[in-house]
Amino acid sequence: MDGRRRNPYELTEETPVYVISVAAQLSGLHPQTLRQYDRLGLVSPDRTAGRGRRYSARDIELLRQVQALSQDEGINLAGIKRIIELENQVAALQARMAEMEAALDGAAAAMRQREAAVHASYRRDLVPYQEVQQTSALVVWRPKKAKD
């Protein structure tokens, strides 16, 4: 949540509002087909206290996808179920990856702050800076001769 109170009457795409007859009409499928999809676990709508099915806008879109995969692509229902499972898994992994990237960005920013604090704490008065002048003089070292 974003911290604000949500309107309890606000409709989202996950809000279960459509009875089976309306969902069937919106998806272009027969109500019995929707019941079959529910039994197979392809599209599982929410249930009322009396066990009646209530479909959301997201459920309607999923019903349309199932129909397209079945009729247009010729994929059987078991294949469609696996496709839906894999798509859900990919979405969950993408969400988890986004969370981890955000955590990594936060950790990197904290590390940069700690590093800056350490650098700011260095005592610069311990080694005074003196500019060294370069010359072209040649210095020759000769060891003292040992006395016999």
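# Close-up views of a predicted helical chain

**Figure 1. The whole chain at a glance.** Read from start to end, the chain runs through the pattern α-α-β-β-α-α. This is a predicted model, and its secondary structure amounts to four helices and two strands. The radius of gyration is 35 Å, whereas a compact globule of 148 residues would come out near 15 Å. Measuring tape in mind, you can picture the C-alpha trace as spanning about 120 × 40 × 30 Å along its principal axes. Of the 148 residues, 15% are buried. Among contacts with a separation of 6 or more, 52% join residues 24 or more positions apart.

**Figure 2. The surface and its charges.** The chain has an accessible surface of about 12600 Å². Carbon and sulfur atoms account for 53% of that surface. As for charge, the chain carries 22 positive and 19 negative charges, and the mean positions of the two groups lie 8 Å apart.

**Figure 3. Helix H1 and its buried face.** Here we look at the residues that H1 keeps from the surface: Ile 20, Ala 23, Ala 24 and Ser 27 are buried. Seen down the helix axis, these buried residues fall within an arc of 100 degrees, so they line one face of H1. A handy reminder for reading this view is that an α-helix has 3.6 residues a turn, so residues three or four places apart point the same way. The partners that the buried residues of H1 pack against are H2, E2 and H3. Just past the end of H1 comes Gly 28, with a positive phi of about 80 degrees.

**Figure 4. Val 17, ahead of the first helix.** Val 17 sits in the segment before H1. Its relative accessible area is 38%, so Val 17 is classed as partly exposed. Leaving out residues up to four places away in sequence, Val 17 touches Leu 11, Arg 54 and Tyr 55. Another residue to find in this view is Asp 46, which is 29 residues from Val 17 in sequence. The C-alpha atoms of Val 17 and Asp 46 are 9.2 Å apart in space.

**Figure 5. Helix H2 and the elements that cover it.** Helix H2 covers residues 31-40, and its buried residues are Leu 34, Tyr 37 and Asp 38. Viewed along the axis of H2, they fall within an arc of 100 degrees, so they line one face of the helix. The cover over these buried residues includes helix H1 (20-27), strand E1 (46-47) and strand E2 (53-54). Helix H3 (57-71) and helix H4 (77-120) are also part of that cover. Right after H2 you will find Gly 41, whose phi is positive at about 85 degrees.

**Figure 6. Asp 38, a buried acidic side chain in H2.** Asp 38 belongs to helix H2. With a relative accessible area of 12%, Asp 38 falls under the 20% cut-off and so counts as buried. Which residues does Asp 38 touch, not counting those up to four places away in sequence? They are Val 43, Ser 44, Pro 45, Arg 47 and Arg 53.

**Figure 7. Arg 51 in the loop between the strands.** Arg 51 lies in the loop that links E1 and E2. Phi of Arg 51 is near 75 degrees, a positive value in a residue other than glycine. For context, most residues other than glycine have a negative phi. Arg 51 is exposed, with a relative accessible area of 55%.

**Figure 8. Ser 70 in helix H3.** Ser 70 is part of helix H3. Its relative accessibility of 26% places Ser 70 among the partly exposed residues. Setting aside neighbours within four places in sequence, Ser 70 is in contact with Ile 75 and Ile 80. Ten residues along the chain separate Ser 70 from Ile 80, and their C-alpha atoms are 7.5 Å apart.

**Figure 9. Glu 85 in helix H4.** Glu 85 is found in helix H4. At a relative accessible area of 38%, Glu 85 is partly exposed. Between the C-alpha atoms of Glu 85 and Ile 60 there are 17 Å, and the two residues are 25 residues apart along the chain.

How values were computed. Residues are numbered from 1 along each chain as its sequence is written. This is a predicted model: local features need pLDDT of at least 70, side-chain atom pairs count only at pLDDT 80 or more; totals for chains, interfaces and linings use all residues. Side-chain values use heavy atoms; hydrogens and water are left out. The radius of gyration is taken over C-alpha atoms; the globule rule is 2.2 Å times the number of residues to the power 0.38. Buried means under 20% relative accessible area, exposed over 50%, partly exposed in between (1.4 Å probe, protein chains only). Contact means heavy atoms within 4.5 Å. Accessible areas come from the Shrake-Rupley method with a 1.4 Å probe; for residues, only the protein chains shown count as cover. Lys and Arg count as positive and Asp and Glu as negative; His and the chain ends are not counted. The place of a charge is taken as NZ of Lys, CZ of Arg, CG of Asp or CD of Glu. The arc is that of the directions from the helix axis to the C-beta atoms.
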